[in-house]
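Subject: A structure for you to look at

Hi there,

Here is the structure I promised to pass on. Please open it beside this email and follow along as you read.

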Amino acid sequence: MLSIVIVNWNTKALLEKCLASLQQHAPAESFEVIVVDNASEDGSAAMVRSRFPQVRLLTERANHGYAAGNNIGIRAALGDAILLLNPDTEFIDDSLQRSVDILRSMPTVGVLAARLVSPDGSTQSSLRSFPRPLPVLFDLLGFARLFPRSRFFAKYRYRFFDYDSPAEVEQPMGTFLLSRRAVFDQVGLFDERFPIFFNDVDWCLRVRNAGWTVYYHPGVRVIHHGGAGTRQVHKSMIWESHRSLLRFYDKWYLRWWNLPLIWLFRLVVLAAAFIRTGGIHAGYRS
């Protein structure tokens, strides 16, 4: 059985399109759709109740964030395969069943990622390496743009990657992550210390450290409208993304022998956030 978990916050129109596309391109096997609504104020929950009564709707009284919302859905899921899907997506063919078939045919794959396409049909850049200090610094300092095909300077954003070929990858965008219940049982759920950003990165790193493969397949396609939730609070989300990156470093890379590099990295990251937002955000905390 396949469980599809969608965390929603004030994206009613896109969620409606997403659920309609799941109906239209439903998989051949049994499946369930779980929508975790994080206290939306746009009528999302009422829309799901009236238009999609077959969906399991879990309404929360507060916006718990993406990590906690997914954890709520995963705990409620009944399937042996679990798809974490953003509400700003639409299926256009039988990719849902295809993704499950691919996952089950590759026993070492713990996470399967899809090709994300824009509404105009162009392929989105949706893969990155794990944010190790040097590749991220090269990206922030502009070297990746100067040498976009370099596997040394442009490693972080995978600028050299061939999106027409299936391959093992490190960090796919969390828009579409198909996994096995056995993976969650082994490595655990999302780390809620990363409420919005880098929870999927942290989880994929734990999955790989546990011996599973993260795999991208271009034959699985889904339209991705992109960033509908975070655009509602744009500047605060920029700061939150940079804070989460620093939390990720504190968890995975902070060692006594690399403190100078980490502190240099923190200064560059905070400077980048300051430039992107035009100033310190009122809610800033490291």
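In which strand is Ser179 found? Ser179 sits in strand β10, which covers residues 176-180. Before going further, please keep in mind that this is a predicted model.

Let's stay with this serine for a moment. Is Ser179 buried or exposed? Its relative accessible area is 0%, and buried means under 20%, so Ser179 counts as buried. Leaving aside residues up to four places away in sequence, Ser179 touches several others, including Asp80, Leu103, Gly110 and Trp203. With Gly110 there is also a polar contact: the side chain of Ser179 reaches the backbone oxygen of Gly110 at 2.7 Å. By contrast, the C-alpha atoms of Ser179 and Ser125 are separated by 21 Å, and these two serines are 54 residues apart along the chain.

Asp80, one of the residues that Ser179 touches, leads on to the salt bridges. How many salt bridges are there? The count comes to 17, and here are a few to find on your screen.

- Asp80 and Arg104 meet through their side chains, at 3.1 Å from N to O. Asp80 is in the loop between α3 and β4, while Arg104 belongs to helix α4, 24 residues apart. Asp80 is partly exposed at 42% relative accessible area, and Arg104 is partly exposed at 37%.
- Glu16 and Arg51 form a salt bridge of 2.8 Å, N to O. Glu16 lies in helix α1 and Arg51 in helix α2, so this pair ties together parts that are 35 residues apart in sequence. Both ends are partly exposed, Glu16 with 24% and Arg51 with 41%.
- Glu168 pairs with Arg208, their closest N and O atoms being 3.3 Å apart. This pair links strand β8, home of Glu168, to helix α8, home of Arg208, with their positions 40 residues apart in the chain. Arg208 is partly exposed, at 27% relative accessibility.

Salt bridges also join up into a network, whose members are Asp191, Arg193, Asp202, Arg206 and Lys251.

Finally, there is some empty space to look for. The structure holds one cavity of 30 Å³ or more, with a volume of about 30 Å³. Which residues line this cavity? Ala113, Ala114, Leu116, Ser126, Leu127, Pro172, Met173 and Phe176 do. Strand β6 (residues 109-117) gives the largest share of the lining, three residues. By class, seven of the lining residues are nonpolar, one is polar and none is charged.

Happy exploring!

Methods
Residues numbered from 1 in each chain as written. Predicted model: local features only at pLDDT ≥ 70, side-chain atom pairs only at ≥ 80, totals over all residues. Heavy atoms only, no water. 1 Å grid on protein atoms, 1.4 Å probe; cavity = no way out; pocket = protein on both sides within 12 Å on 5 of 7 lines; lining within 4 Å. Points joined across faces, edges and corners; volume = space filled by probe spheres on them. Helix = DSSP H or I, 4+ residues; strand = E, 2+ residues; numbered from the N terminus. Nonpolar A, V, L, I, M, F, W, Y, C, P; charged D, E, K, R; others polar. Buried < 20%, exposed > 50% of the residue type's maximum accessible area, 1.4 Å probe, protein only. Contact = heavy atoms within 4.5 Å. Polar contact = N/O pair within 3.5 Å; in protein donor to acceptor, adjacent residues only side chain to side chain. Salt bridge = Lys/Arg side-chain N within 4 Å of Asp/Glu carboxyl O.
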